[in-house]
Amino acid sequence: MNLSETFALNVKKRLDAINLTKKDLAQLTSVSRNTINAVTSGKAKMIRFETIEEIARALKCKPQQLLDEETDWAIYKWAENYQRGLKHE
């Protein structure tokens, strides 16, 4: 899998993990819907570092997590749900 595909897969998994849509992501950032669609399709060939950082900030993760093929988002989703549960106690 190439880096663009890895980034796309991780963005999609992270969106799912925190229950956001691509439309939500575009609204939380200054990134256009067209760019979000290109990024999540794996077809984006060039993306600015600032854009990666902005997407990561909106997704509440680190930019390197979006670029890492080994990121296990299921663990992050579990941890976030656990933390939310602690805040309500």
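Let me begin with the overall make-up: the protein has 6 helices and 0 strands, and what we are looking at is a predicted model, so please hear every value that follows as computed from that model. Along the sequence the pattern reads α-α-α-α-α-α. Of the 89 residues in the protein, 33% are buried, and if we take the contacts with a separation of 6 or more, 62% of them join residues that are 24 or more positions apart.

Now to the core. The largest nonpolar core holds 16 residues, and those with the most contacts inside it are F7, V11, L25, I36, I55, L59 and L66. At least two residues of this core come from each of α1, spanning 3-17, α2, spanning 22-28, α3, spanning 33-41, and α4, spanning 49-58, while α4 supplies the largest share, with 4 residues. For a view from inside, take V11, which, once its neighbours within four places in sequence are left aside, is in contact with L25, V39, T40, I55, L59 and L66.

Two other residues of α1 deserve a moment. T6 is found in that helix and counts as buried, at 4% relative accessibility; not counting residues up to four places away in sequence, T6 touches M1, L66, L67, D68 and E69. A17 is likewise found in α1 and is buried, with a relative accessible area of 5%. Between A17 and L59 there are 9.4 Å in space, C-alpha to C-alpha, although the two are 42 residues apart in sequence.

How do α1 and α3 cross? In general, two packed helices are described by the angle between their axes and by the distance between those axes. Here the axes of α1 and α3 come within 6 Å and cross at roughly 110°, and α1 and α3 are therefore roughly perpendicular to each other, given that 65 to 115 degrees is the range for that term. On the α1 side the contact is made by F7, A8, V11 and K12, and on the α3 side by V39, T40 and S41. By character, the residues of this contact divide into 4 nonpolar, 2 polar and 1 charged.

Staying with α3, its buried residues include I36, V39 and T40. Seen down the axis of α3, the buried residues fall within an arc of 90°, so they line one face of the helix. They pack against α1, α2 and α4. Just after α3 comes G42, which takes a positive phi of about 80°.

That brings me to α4, where T51, I52, I55, A56 and A58 are buried. Around the axis these residues cover an arc of only 165°, which puts them on the same side of α4. What does the face turned away from that buried side carry? There we find the exposed residues F49 and R57. The buried residues of α4 pack against α1, α2, α3 and α5, the last of these spanning 63-67. Just after α4, K60 takes a positive phi of about 55°.

To pull this together, α4 gives the core its largest share, and the buried residues of α3 and of α4 are each gathered on one side of their helix, within 90° for α3 and over 165° for α4. I would be glad to go back to any of these contacts with the structure on the screen.

Note on methods:
Residues numbered from 1 in each chain as written. Predicted model: local features only at pLDDT ≥ 70, side-chain atom pairs only at ≥ 80, totals over all residues. Heavy atoms only, no water. Core = buried A, V, L, I, M, F, W, Y, C linked by side-chain atoms within 4.5 Å. Buried < 20%, exposed > 50% of the residue type's maximum accessible area, 1.4 Å probe, protein only. Contact = heavy atoms within 4.5 Å. Axes fitted to C-alpha atoms, helices over the stretch in contact; angles between N-to-C directions. Parallel < 35°, antiparallel > 145°, perpendicular 65-115°, else oblique. Nonpolar A, V, L, I, M, F, W, Y, C, P; charged D, E, K, R; others polar. Arc of directions from axis to C-beta.
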